Amino acid sequence: MSLQAAGAVSPAAPVPADSLAQTPLHALHLRLGARMVPFAGYAMPLQYTAGLLKEHGHTRAAAGFFDVSHMGQIAVTPRSGDAAEAAGALEALIPIDIRGLGVGRQRYGFLTDEAGGILDDLMVARLPDRFHVVVNAANKAADLARIRAHCPESIDVALVPDALIALQGPKAAEVLARLAPETAAMRFMDVRRVAILGTACLVSRSGYTGEDGFEIAVPAEAAEAVAEALLASPEVLPIGLGARDSLRLEAGLPLHGADIDPGTSPVEASLAWAISPARRSGGARPGGFPGAERILAEMQAGPARRRVGLRPEGRAPVRAEAPLFAAEAGGEPVGRVTSGGFGPSLGAPVAMGLLPTGLAAPGTRVFADVRGQRLPLLVSPLPFVPAGFKRG
């Protein structure tokens with residue numbers, strides 16, 4: 001999902017435009033003046049005419065429209081209609097309470113491997129007839145194959161061809177309610193089927209900016225009409241990948257391939273909160289997922305390192321892969337920056353990184369090597385910008 005992780009925005013070799021997939025909104029992006037770039041195998045908008053800073057600020061203040069149709073949407077459908085069968089198959093791969101997930105609700109989770117690493121992070125929603133799983137663009141083929149391989153033949157596992165759009169920001173609910181009034185009553189992580197412009201859509205109250213908002217799965221043939229109806233509202237601007245990355249960074253949200261990957265466990269990634277109590281040691285269904293032995297042990301004893309927020313003391317941004325040191329001079333690297341950049345809402349640089357647990361407490365001073373110079377940073381609580389989710 002990140003600019004660094006899921007595909008080269010600035011690849012070493014040019015990517016032929018005709019080799020890139022296009023989302024159903026490709027023509028709309030061109031009409032809106034988007035600067036298109038290669039991303040996870042797709043031609044995607046990096047920014048529009050307003051520019052990254054304006055797009056970022058507008059999303060925080062009003063509402064931003066995002067095309068996230070490159071993401072993978074996977075339908076897990078039991079032919080028998082027995083949700084417990086599908087839930088059990090998914091729980092063998094994902095360490096969250098899927099059996100206890102109510103109809104019309106969704107949870108954040110991850111696919112783990114046998115070593116306890118994060119293969120991908122995802123969202124799982126329960127609908128009346130199936131489960132709907134949203135995964136990262138770069139991993140959707142591998143995720144589909146893994147889920148399909150672990151499900152019995154009585155469960156259908158298939159990619160959903162719908163477009164996926166996001167409306168994010170404090171005015172998102174007001175805007176969407178004009179087209180679908182019933183969405184106003186939805187809570188954070190609610191999911192429901194809603195008609196928009198006469199088209200059946202799947203709407204969730206969620207997103208990846210830290211703001212209140214929605215993600216909308218809409219049939220590809222209707223995507224442009226729905227997008228234009230949302231963009232017709234004066235509160236809405238189209239937002240590209242650049243602002244999407246700075247928004248999620250300020251919100252302290254990790255991205256697979258950058259802040260989390262198969263070499264990082266959920267506990268190291270500070271994501272243990274997402275492992276449902278039922279799946280933990282002493283819970284109703286402890287373990288039973290790949291890497292459970294390591295993950296549950298780390299939850300008991302603590303990990304050797306953790307993902308942390310970082311605030312550079314100066315004005316210079318510290319970028320991904322910069323090594324981190326415990327001292328201003330000498331010594332070996334103790335960690336690394338996983339993502340970093342300028343936080344427009346804060347008017348200052350922000351970053352995230354992995355550090356030994358002994359150096360992970362807020363207020364700890366560490367140093368990043370930037371072009372041979374060690375720059376000071378303070379370990380900071382996450383998120384950098386308070387979340388605006390609608391909890392009730």
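Reader: Is C201 buried or exposed?
Author: The structure shown above is a predicted model, and every value discussed here is computed from it. In that model C201 has a relative accessible area of 3%, and the cut-off for the buried class is under 20%. Because its value lies under that cut-off, C201 is classed as buried.

Reader: How many disulfides does the structure hold?
Author: A disulfide needs a pair of cysteine sulfur atoms within 2.5 Å. C151 is buried, with a relative accessible area of 11%, and C201 is buried as well. Burial does not settle the question, however, and the number of disulfides in the structure is 0.

Reader: In which strand is F214 found?
Author: F214 has a relative accessibility of 0% and therefore counts as buried. F214 lies 159 residues along the chain from E55, and the C-alpha atoms of the two are separated by 17 Å. The strand that holds F214 covers residues 213–218 and is β12.

Reader: Which strands stand at the edges of the sheet?
Author: The open sheet is formed by 6 strands with mixed pairing, in the order β10-β11-β12-β9-β3-β13. From one strand to the next, the twist averages 30°. An edge strand has a single partner, so one of its sides is left without a neighbour in the sheet, and this applies to β10 and β13.

Reader: Which residue in β12 is the bridge partner of A163?
Author: Strands of a sheet pair through backbone hydrogen bonds, and the pairing can be parallel or antiparallel. Here β9 and β12 run antiparallel and are joined by 6 bridges. In β12, the residue that partners A163 is V218.

Reader: Which residues touch the most other members of the largest nonpolar core?
Author: The largest nonpolar core has 31 residues, and β5, β6, β9, α7 and α8 each supply at least two of them. F110, taken with residues up to four places away in sequence left out, touches L93, P95, I118, L122 and L271, among others. A second, separate core of 27 residues includes L28, V203, F214 and V226. In the largest core, the residues that touch the most other members are Y108, F110 and L271.

Reader: Which elements do the buried residues of α2 pack against?
Author: Helix α2 runs over residues 52–61, and its buried residues are E55, H56, H58, T59 and R60. These buried residues pack against four strands and a helix, namely β2, β3, β9, β13 and α7.

Reader: Is R371 buried or exposed?
Author: Most residues other than glycine have a negative phi. R371 departs from this with a positive phi near 50°, and A40 does so with a phi of about 55°. A40 sits in the loop between β1 and β2 and is buried, with a relative accessible area of 17%. R371 is found in the loop between β18 and β19, and because its relative accessible area of 80% is over the 50% cut-off, R371 is exposed.

Reader: Which residues does a cis peptide bond join?
Author: Most peptide bonds are trans. The bond in question has an omega of about 0°, and P383, in the segment after β19, takes part in it. The residues joined by this cis bond are L382 and P383.

Reader: How far apart do the end C-alpha atoms of residues 25–276 lie?
Author: An unreviewed UniProt entry places the feature "domain: GCVT N-terminal" at residues 25–276. In the model, this span is 25% helix and 31% strand. The distance between its end C-alpha atoms is 36 Å.

Notes:
Residues numbered from 1 in each chain as written. Predicted model: local features only at pLDDT ≥ 70, side-chain atom pairs only at ≥ 80, totals over all residues. Heavy atoms only, no water. Buried < 20%, exposed > 50% of the residue type's maximum accessible area, 1.4 Å probe, protein only. UniProt positions renumbered as here; feature names shortened; annotations may be inferred. Helix = DSSP H or I, 4+ residues; strand = E, 2+ residues; numbered from the N terminus. Core = buried A, V, L, I, M, F, W, Y, C linked by side-chain atoms within 4.5 Å. Contact = heavy atoms within 4.5 Å. Pairing = 2+ DSSP bridges. Axes fitted to C-alpha atoms, helices over the stretch in contact; angles between N-to-C directions.
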